[in-house]
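Colleague: I keep meeting labels in these descriptions, and I'd like to know what stands behind them. Could you take me through one example?

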Amino acid sequence: MEWIVVTGNTVTEARDRALDALSIAAEDADIEILAEPARSRWGLRHHPARVRVRVRPTGPPPRVGDQRRDRRRSRRRSGGGQQKGQRGKGGGQGQNRGGRSGRRRSRSSGRAGAPKPSGSTS
């Protein structure tokens, strides 16, 4: 069931409004307090209490994963697509191409602006 968010001057007022909107008793509802009522520093603004309420579920939620699992099985049986062991073969997928290939240069050679040794002339 969907959650509804209701505001009120107090938490109990917001809770009662939500229960009236759903036409249920407090024992049959899941209630979460989102915000307590508050006033700003000089009392110019008033922030009402907010609660989130839904009807308490009576049974276990429906299983969504079964549909996805059945769809995968039907694909595998049809023979289309790649099998698990064939993924990435050919075409160079999975190899590190371009950029750095895992080898690192030593930091001492080839740096721009590094002082050259004074003893060598070339």
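Modeller: Sure, let's go through some labels one by one, bearing in mind that this is a predicted model.

Colleague: Let's start with Asp-30. Why is Asp-30 called buried?

Modeller: Buried means under 20% relative accessible area. Asp-30 has 17%, so Asp-30 counts as buried.

Colleague: And what makes the link between the side chains of Asp-30 and Arg-56 a polar contact?

Modeller: The pair of N or O atoms has to lie within 3.5 Å. For Asp-30 and Arg-56 the distance is 2.9 Å, so the cut-off is met.

Colleague: Which residues does Asp-30 touch, leaving out those up to four places away in sequence?

Modeller: Arg-56 is on that list, along with Trp-3, Arg-52, Val-53, Arg-54 and Pro-57. Take Arg-54: it's 24 residues from Asp-30 in sequence, yet their C-alpha atoms are 5.4 Å apart in space.

Colleague: Where does Asp-30 sit, then?

Modeller: In strand S2, which covers residues 29-35.

Colleague: How do you know that S2 pairs with S5?

Modeller: Two strands pair if there are at least two bridges between them. S2 and S5 (residues 49-55) have six, so they pair, and they run antiparallel. Within that pairing, Ile-31 stands opposite Val-53 in S5.

Colleague: What is the order of strands in the open sheet?

Modeller: The order is S1-S5-S2, three strands with antiparallel pairing. S1 (4-8) and S2 are at the edges because each has a single partner strand, which leaves one side of each without a neighbour in the sheet. From one strand to the next, the twist averages 30 degrees.

Colleague: Which helix lies across those strands?

Modeller: That's H1, residues 11-22, which lies across S1, S2 and S5 and runs at about 135 degrees to S1.

Colleague: Last one: what makes you say that the charged end of Arg-52 sits over the ring of Trp-3?

Modeller: The distance part of the rule asks for CZ of Arg within 6 Å of the ring centre. Arg-52 is 4.3 Å from the centre of the Trp-3 ring, so that part is met. Arg-41 sits over Trp-42 too, at 5.7 Å from the ring centre.

Methods. Residues are numbered from 1 along each chain as its sequence is written. This is a predicted model: local features need pLDDT of at least 70, side-chain atom pairs count only at pLDDT 80 or more; totals for chains, interfaces and linings use all residues. Side-chain values use heavy atoms; hydrogens and water are left out. Helices (H or I, at least four residues) and strands (E, at least two) are DSSP runs, numbered from the N terminus. Buried means under 20% relative accessible area, exposed over 50%, partly exposed in between (1.4 Å probe, protein chains only). A polar contact is a pair of N or O atoms within 3.5 Å; within protein, one must be able to donate a hydrogen and the other to accept it, and residues adjacent in sequence count only if both atoms are side-chain atoms. Contact means heavy atoms within 4.5 Å. Axes are lines fitted to C-alpha atoms, for helices over the stretch in contact, and angles run from 0 to 180 degrees between N-to-C directions. A charge sits over a ring if NZ of Lys or CZ of Arg is within 6 Å of the ring centre and within 35 degrees of the ring normal.
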